[in-house]
Amino acid sequence: MIRVKDSQRGMHPLRFDQQISDWMLANKKPMIRNEFKHEEKISLQGDSLLKIRSMLSVPMIIKGRMIGILTLFNKESAEGFTEADQRLLTIIAGQSANVIENSRLFEEEKKFDADTAGNSGSK
């Protein structure tokens, strides 16, 4: 979800998540778009008031599976996102995926320990 409804402008949320997710699942590689007016695969749902000039999206991959996507919009510079931006966000996405996976594994281990302690106390 890009934006919550802006009640002052009467704007509704634009949902790029499905389009970006579908593309990422199929390609599993970063995507840079610096000219949205000519982009055919990701539509702005008509002539929206929301101005998106550029987008950089990278998958968060751990152990060969995609667990999320990091996406940035509207870089302030006129040329948009660069290969250096892509490399940096790819590194951040990789590190974030590791943190999320480690946290998930830690929670699983805590639950297993709690279940094991509960079962041994009842015997």
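A residue counts as buried under 20% relative accessible area, as exposed over 50%, and as partly exposed in between. The exercises below apply this to a predicted model.

**Exercise 1. Place Glu-107 and its salt-bridge partner Lys-110 on the accessibility scale, and say how the two are separated within helix H2.**

Solution. Begin with Glu-107, whose relative accessibility is 44%, so that it counts as partly exposed. Lys-110 has a relative accessible area of 42% and is likewise partly exposed. Turn next to the contact itself, in which the closest N and O atoms of Lys-110 and Glu-107 are 3.5 Å apart; a salt bridge requires a side-chain nitrogen of Lys or Arg within 4 Å of a carboxyl oxygen of Asp or Glu. Finally, consider the spacing: the two residues are three apart in helix H2, and therefore about one helical turn separates them.

**Exercise 2. Describe the order of the secondary-structure elements and the pairing of the strands.**

Solution. The protein chain contains two helices and three strands, and read from the N terminus these elements follow the order α-β-β-β-α. Strand S1, which covers residues 31–33, runs antiparallel to S2 and is joined to it by three bridges; within this pairing, Ile-32 stands opposite Leu-56. On the pairing of S2 with S3 (residues 65–73), the two strands are again antiparallel, and eight bridges join them, with Ile-62 of S2 standing opposite Arg-65 of S3. The hairpin made by S2 and S3 has two residues between the strands, and Lys-63 takes a positive phi near 50° there.

**Exercise 3. Which residues other than glycine have a positive phi, including Lys-28, and where do Lys-28 and Lys-63 lie?**

Solution. Lys-28 is not a glycine, yet its phi is positive, at about 50°. Its place is in the loop between helix H1 (17–27) and S1, where a relative accessibility of 41% makes it partly exposed. Lys-63 also combines a positive phi, near 50°, with a residue type other than glycine. This second residue is found in the loop between S2 and S3, and Lys-63 counts as exposed at 68% relative accessibility.

**Exercise 4. Which parts of the chain does Glu-101 tie together through its salt bridges with Lys-63 and Arg-65?**

Solution. Take the pair with Lys-63 to start, where the closest N and O atoms of the salt bridge are 3.9 Å apart. Glu-101 belongs to helix H2 (residues 83–121) whereas Lys-63 sits in the loop between S2 and S3, so this pair ties together parts that are 38 residues apart in sequence. The salt bridge between Arg-65 and Glu-101 has its closest N and O atoms 3.3 Å apart. Because Arg-65 lies in strand S3 and Glu-101 in helix H2, that pair connects parts that are 36 residues apart in sequence. As for accessibility, Glu-101 is buried, with a relative accessible area of 5%, while Arg-65 is partly exposed at 40% and Lys-63 is exposed at 68%. These three residues belong to a network of salt bridges that also links Arg-104 and Glu-108.

**Exercise 5. How is strand S2 enclosed, and what does S2 give to the largest nonpolar core?**

Solution. S2 spans residues 55–62, and seven of its eight residues are buried, so the strand is largely enclosed by the rest of the structure. The largest nonpolar core has nine residues, namely Ile-32, Leu-56, Val-58, Met-60, Ile-62, Phe-81, Leu-89, Ala-93 and Ala-97. Two elements, S2 and H2, give two or more residues to this core, and S2 gives the most, with four. To follow one of these residues further, leave aside the neighbours of Met-60 within four places in sequence: among its remaining contacts are Met-66, Ile-69, Ala-93, Ala-97 and Ile-100. Apart from this core lies another, of eight residues, which include Ile-20, Phe-36, Ile-52 and Met-66.

**Exercise 6. Summarise burial, contacts and surface for the protein chain.**

Solution. For burial, 26% of the 123 residues count as buried. For contacts, consider those between residues at least 6 apart in sequence, of which 48% join residues at least 24 apart. For the surface, the accessible area comes to about 8800 Å², with 53% belonging to carbon and sulfur atoms.

Technical notes. Residues numbered from 1 in each chain as written. Predicted model: local features only at pLDDT ≥ 70, side-chain atom pairs only at ≥ 80, totals over all residues. Heavy atoms only, no water. Buried < 20%, exposed > 50% of the residue type's maximum accessible area, 1.4 Å probe, protein only. Pairing = 2+ DSSP bridges. Contact = heavy atoms within 4.5 Å. Areas by Shrake-Rupley, 256 points an atom, 1.4 Å probe, with all protein chains shown as cover. Core = buried A, V, L, I, M, F, W, Y, C linked by side-chain atoms within 4.5 Å.
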